[in-house]
Amino acid sequence: MSFGDNAIVKGVDLLGVKLEEPRSEPGEEGISVIRHPLLLESILRFQANARGEMLPADGPVKVANDGDQSKQMDEDARQLEKDMNHYLTTTATEYYPDTDRMLLMLGFGGTSFKKVYFCPLRNRPVSESVDADDLIVNNAATDLRNAKRITHRVYMNPNTVKRLQILGVYRDVDLSTPKQIDKDAFERQI
């Protein structure tokens with residue numbers, strides 16, 4: 001468990017959503033344990049404000065034409081905006097809930113990442129949030145642009161791996177049975 005995980009475990013304790021038994025010594029009256037949900041309220045307020053700005057009902061994409069101001073270019077920009085918003089609100093049904101969850105974690109943990117790629121199973125572009133715990137970057141990298149390698153750890157069902165092997169995304173090799181890993185304190189707390 002890293003330093004960040006300890007901070008998150010402590011932060012979850014401070015959210016004020018866990019019921020705790022009163023503390024007491026033998027022969028004494030119980031001492032109440034109360035946690036104010038101010039942190040949780042702040043996180044939810046951040047999420048709501050960010051959601052309102054970043055995920056409007058008519059779509060998040062806004063296109064501006066900074067180049068030649070011809071009627072055809074302006075029409076192309078409007079059409080691109082319309083098509084992208086239709087795609088994100090209708091076709092990519094996971095985009096809004098996933099981004100909303102990412103905003104909650106951004107308010108709580110302060111860091112969020114998005115991964116945009118072509119998904120061979122859905123046969124379309126996908127934008128998914130990546131938990132900071134599952135993003136592996138060399139400690140020497142000062143930012144993601146100069147990192148020599150960025151790895152996204154993905155927990156995947158064996159059937160999904162097999163489907164990706166059949167599609168030719170992964171090499172077709174025999175898979176070993178995955179080992180059951182004990183959850184650490186961070187994962188149990190979450």
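1. A residue is called exposed when its relative accessible area is over 50% and buried when that area is under 20%, with partly exposed in between. Val-17, at 56% relative accessibility, therefore counts as exposed. Val-17 lies in the loop that links helix H1 (3–14) to helix H2 (38–54), and its C-alpha atom is separated by 8.1 Å from that of Arg-35, although the two residues are 18 apart along the chain.

2. It should be kept in mind throughout that this is a predicted model. The mean pLDDT of the protein is 84, with 83% of the residues reaching 70 or more. Confidence varies between elements: strand S2 (residues 124–130) has the highest mean pLDDT, 94, whereas helix H6 (residues 185–189) has the lowest, 61.

3. As to the overall arrangement, the protein contains 6 helices and 4 strands, and their order along the sequence is α-α-α-α-β-β-β-β-α-α. Of the contacts between residues at least 6 apart in sequence, 46% join residues that are at least 24 apart.

4. Turning to the interior, 22% of the 190 residues in the protein are buried. The largest nonpolar core has 10 residues in all, namely Ala-50, Leu-55, Val-61, Tyr-87, Leu-88, Ala-92, Tyr-95, Tyr-96, Met-102 and Leu-103. Helix H3 (71–91) and helix H4 (95–109) are the elements that give two or more residues to this core, and the largest share, 4 residues, is that of H4.

5. One member of this core, Ala-92, may be followed further through its contacts. When residues up to four places away in sequence are not counted, Ala-92 touches Tyr-87 and Arg-124. Of these two partners, Tyr-87 is itself listed in the largest nonpolar core, while Arg-124 falls at the start of the range given for strand S2 (residues 124–130).

6. On the outside, the accessible surface of the protein comes to about 14,700 Å², and 53% of that surface belongs to carbon and sulfur atoms. Leu-167, Val-169 and Tyr-170 together make a nonpolar surface patch of about 270 Å². Tyr-170 is placed in the loop between helix H5 (158–166) and H6, and because its relative accessibility is 35%, Tyr-170 counts as partly exposed. When this loop is inspected, it is worth recalling that H6, at one end of the loop, is the element with the lowest mean pLDDT in the protein.

Technical notes:
Residues numbered from 1 in each chain as written. Predicted model: local features only at pLDDT ≥ 70, side-chain atom pairs only at ≥ 80, totals over all residues. Heavy atoms only, no water. pLDDT = per-residue confidence, 0-100. Patch = residues over 30% accessible without salt bridge, like charges linked within 9 Å, V, L, I, M, F, W, Y side chains within 5 Å. Areas by Shrake-Rupley, 256 points an atom, 1.4 Å probe, with all protein chains shown as cover. Salt bridge = Lys/Arg side-chain N within 4 Å of Asp/Glu carboxyl O. Buried < 20%, exposed > 50% of the residue type's maximum accessible area, 1.4 Å probe, protein only. Core = buried A, V, L, I, M, F, W, Y, C linked by side-chain atoms within 4.5 Å. Contact = heavy atoms within 4.5 Å.
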